[in-house]
Amino acid sequence: MHIPVNGASEMALQGGLARCRFSVRSDVGRVRKIQEDSVMAQAPVFLVADGMGGHAQGDVASQTVVRVFDEHIERDVPSTPERILDAIHSSNDAVRDLSGTGDYGAAVSGTTLAGVALVDAGDDVGYHWMAFNVGDSRIYTWRDGELSQLSVDHSAVQAMVDAGLITTEEAEKHPERNVITRAIGADEFVDADVWLLPAAGRHAFLICSDGLTKELDEREIAEVLNSHQQSETDPRSVADLLVDEALERGGHDNVSVVFIEADYEA
């Protein structure tokens, strides 16, 4: 099976090695003039930040998150849950510093944040993949040909779906589908969703901005992933395939994809 990648890394863990292969691509799209997405793909952290469209300095806000994480997290060694949370809260402070005193509404700088990091959660817990999310960029798991959304959108339409007011299908076309309810930089204290998944074995994660999910639904994303696994000749990576498909559907927003395949035998 031919699996093109953009990068690979190994991290020494107690009792073995964690190997990661990943592909990354971020594109401004066919409509927008400014790229407000930023990505980070440097073990142990992989993330996507989508600057809030229509808000002040959305591009700078997403770039700020990447910078803060790069300053906080040591490269090529497992991090800790505490350090990841500190990077999230420090990112929130740094993005808030971009806004002026008295700014409100669209004048407030903000960005989504979605990512995964390999962490050492302590002697009694061990190594885990820590997923974290603020906003409506998404984290998916990919296993045995099945795509499953791990993160939960912090959006107005997701709240309506949870309340039983609209269906998931209706949410995809709802006029308020772009309204998010949490963002880095929006409030003094950021409330991030966090999940811990035991690192042992094989894992695959797809992290993306909503520029992908606006163009492709989950079934269509899964079809691209399955097609890639079965291909022996396509020279493109997973990230390239997904971004190319989003652009072919119109590319109405910036689109960013990080796809990670990890293997660790404890």
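Select helix α1 (residues 58-72) and helix α2 (residues 81-96): the two pack at an angle of about 140 degrees, with their axes 9 Å apart. This is a predicted model, in which local features need pLDDT of at least 70, side-chain atom pairs count only at pLDDT 80 or more, and totals for chains, interfaces and linings use all residues. Residues are numbered from 1 along each chain as its sequence is written, and side-chain values use heavy atoms, with hydrogens and water left out.

**Stop 1: the helix pair**

Helices (H or I, at least four residues) and strands (E, at least two) are DSSP runs, numbered from the N terminus. Axes are lines fitted to C-alpha atoms, for helices over the stretch in contact; angles run from 0 to 180 degrees between N-to-C directions. On that scale, α1 and α2 are oblique to each other. Angles under 35 degrees count as roughly parallel, over 145 as roughly antiparallel, 65 to 115 as roughly perpendicular, and the rest as oblique.

Look along the crossing. α1 passes α2 in a right-handed crossing. The convention: right-handed if the near helix is turned clockwise from the far one by less than a right angle, left-handed if anticlockwise.

Now show side chains at the interface. From α1, pick A61, T64, V65, R67, V68, F69 and H72. From α2, pick I84, D86, A87, I88, S90, S91, A94 and V95, which they meet. Contact means heavy atoms within 4.5 Å.

**Stop 2: the sheet under α1**

Keep α1 and add the strands. Five of them form an open sheet, ordered β3-β4-β5-β6-β9, with antiparallel pairing. β3 and β9 (193-198) stand at the edges. Each has a single partner strand, so one side of each is left without a neighbour in the sheet. Neighbouring strands are turned by 15 degrees against each other on average, direction ignored.

α1 packs on this sheet, touching β3, β4, β5 (113-120) and β6 (127-134). The direction of α1 makes about 15 degrees with that of β3.

**Stop 3: β3 to β4 to β5**

Zoom in on β3 and strand β4 (residues 45-50). They pair in the antiparallel sense over six bridges. Two strands count as paired if DSSP finds at least two bridges between them. β3 and β4 form a hairpin, with two residues between them. Check the register: V39 stands opposite V48 in β4. M40 has L47 of β4 as its bridge partner.

Move across to β5. β4 and β5 pair in the antiparallel sense over four bridges. One position to label is V45, whose bridge partner in β5 is A117.

How many residues of β4 are buried? Six of the six, so β4 is largely enclosed by the rest of the structure. Buried means under 20% relative accessible area, exposed over 50%, partly exposed in between (1.4 Å probe, protein chains only). Both faces are covered: V45, L47 and A49 lie on one side, F46, V48 and D50 on the other.

**Stop 4: A41**

Select A41, in strand β3 (residues 37-42). Its relative accessibility is 22%, so A41 counts as partly exposed. Leaving aside neighbours within four places in sequence, A41 is in contact with F22, V24 and F46. Draw a distance to A114: the two are 73 residues apart in sequence and 12 Å apart in space, C-alpha to C-alpha.

**Stop 5: S155**

Jump to S155, in the loop between β8 (146-149) and α3 (156-162). S155 is buried, with a relative accessible area of 4%. Not counting residues up to four places away in sequence, S155 touches V179, I180 and T181.

**Stop 6: helix α7**

Select helix α7 (residues 238-248). The helix is mostly covered, with eight of its eleven residues buried. Colour V238, A239, L241, L242, V243, D244, A246 and L247: these are the buried ones. They pack against β2 (16-27), β10 (201-208), α5 (210-213), α6 (218-230) and β11 (255-264). Just after α7, check the backbone at G250, which takes a positive phi of about 130 degrees.

**Stop 7: the cysteines**

Finish with C20 and C208. A disulfide here is a pair of cysteine sulfur atoms within 2.5 Å. The count by this rule is zero disulfides. Why is C20 not bonded to C208? The sulfur of C20 is 19 Å from that of C208, the closest cysteine sulfur, which is too far for a bond. Are these residues buried or exposed? C20 counts as buried at 1% relative accessibility, and C208 counts as buried at 0%.
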